[in-house]
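Opening the notebook on a new model today. I want to walk through the sheet, the packing and one residue that caught my eye.

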Amino acid sequence: MPNNAEKISKQELVLYEPMKKWFSSYLQNKNTDAEVIVHDVHKIYLGDFFTKANFRQDFPNYSTYRIKIDLLGIIKRKKQHNLVFIEVKNGALNFSHLAQLLVYSKLVRPSQSILISPQGLSTHLNDIVNKYHRVDMLEYMPNRKIQLSKWDRYRGAVFI
């Protein structure tokens, strides 16, 4: 399998650090009663990351997580850990990007899953989701849907 870093454009890599900063603030503001940690894990399989972390007990299937998510948020309350995914794309978000994150989210079941691009949605994906209201395509668990977001480079923030 090719190294994930070989597939990632330099333009996409440049987005990780400002998005990580925003992501950390976003999660902390939403979870004031919890410890929040954000990791850039795009270079490592999520299962390998869990092996090094001390919260594998919350995710008994962690060894099956042979996926590479870009940014991982961990929300820790007492001894319970909840995950939040961010998948970063440089180009317009399309069905391929959505399918990738949908499978990752169905496997791991994070509490929140966000797909972000400075370009926003492709015309086709926008039509399907917004014009034809096919938001069912975003659902990875009952009452949990992937959030499609646009990154604002100037504000260093996301429109969710």
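My entries follow, beginning with confidence and ending with a serine.

**Confidence**

I am looking at a predicted model, so I checked pLDDT before anything else. The protein chain averages 91, and 95% of the residues score at least 70. I am setting residues 1-6 aside: pLDDT stays under 50 there, and the model gives that stretch four contacts beyond four places in sequence.

**Sheet layout**

I traced an open sheet of six strands and noted the order as 1-2-3-4-7-8, with mixed pairing. Which strands sit at the edges? I found strand 1 and strand 8 (157-159) there, each pairing on one side only. I also looked up the twist: neighbouring strands are turned by 30° against each other on average, ignoring direction.

**Strands 1 to 3**

I started from strand 1 (residues 35-40), which runs antiparallel to strand 2 and is joined to it by six bridges. For the register I wrote down two pairs: Ile37 has Ile74 as its bridge partner, and His39 has Leu72.

On to strand 3 (residues 80-88), which is also antiparallel to strand 2, with seven bridges between them. Here Lys76 of strand 2 stands opposite His81. The two strands form a hairpin with two residues between them, and I noted that Lys78 in the turn has a positive phi of about 55°.

Is strand 2 enclosed or open? I counted it as largely enclosed by the rest of the structure, because five of the seven residues in 71-77 are buried.

**Strands 4, 7 and 8**

Strand 4 and strand 7 run parallel, joined by four bridges. My register mark for them is Ile114, opposite Gln147 in strand 7. Strand 7 then pairs antiparallel with strand 8 through three bridges, and Asp152 has Ala157 as its partner. These two strands make a hairpin as well, with four residues between them, and Gly156 takes a positive phi near 65°.

**Helix 4 and the cores**

Next I checked what lies against the sheet. Helix 4 packs on it, touching strand 3, strand 4 (112-117) and strand 7 (147-152), and its direction makes about 170° with that of strand 3.

I then pulled up the largest nonpolar core, which has 28 residues; Leu46, Phe50, Leu72, Leu83, Phe85 and Ile146 touch the most other members. At least two residues each come from helix 3 (46-52), strand 2, strand 3, helix 4 (95-108), helix 5 (123-131) and strand 5 (139-141). Helix 4 gives the largest share, five residues. Apart from this core I found another, of 21 residues, with Leu15, Trp22, Tyr26 and Ile86 among them.

**Ser113**

Last entry: Ser113, in strand 4. Is Ser113 buried or exposed? I get 0% relative accessibility, so Ser113 counts as buried. What does the side chain of Ser113 make a polar contact with? I found the side chain of Ser105, at 2.7 Å. Leaving aside neighbours within four places in sequence, I listed the contacts of Ser113 as Phe85, Leu101, Ser105, Tyr140, Lys145, Ile146 and Gln147. Two of those names were already in my notes on the largest core: Phe85 and Ile146 are among the residues touching the most other members there.

Terms used: Residues numbered from 1 in each chain as written. Predicted model: local features only at pLDDT ≥ 70, side-chain atom pairs only at ≥ 80, totals over all residues. Heavy atoms only, no water. Buried < 20%, exposed > 50% of the residue type's maximum accessible area, 1.4 Å probe, protein only. Pairing = 2+ DSSP bridges. Core = buried A, V, L, I, M, F, W, Y, C linked by side-chain atoms within 4.5 Å. Axes fitted to C-alpha atoms, helices over the stretch in contact; angles between N-to-C directions. Contact = heavy atoms within 4.5 Å. Polar contact = N/O pair within 3.5 Å; in protein donor to acceptor, adjacent residues only side chain to side chain. pLDDT = per-residue confidence, 0-100.
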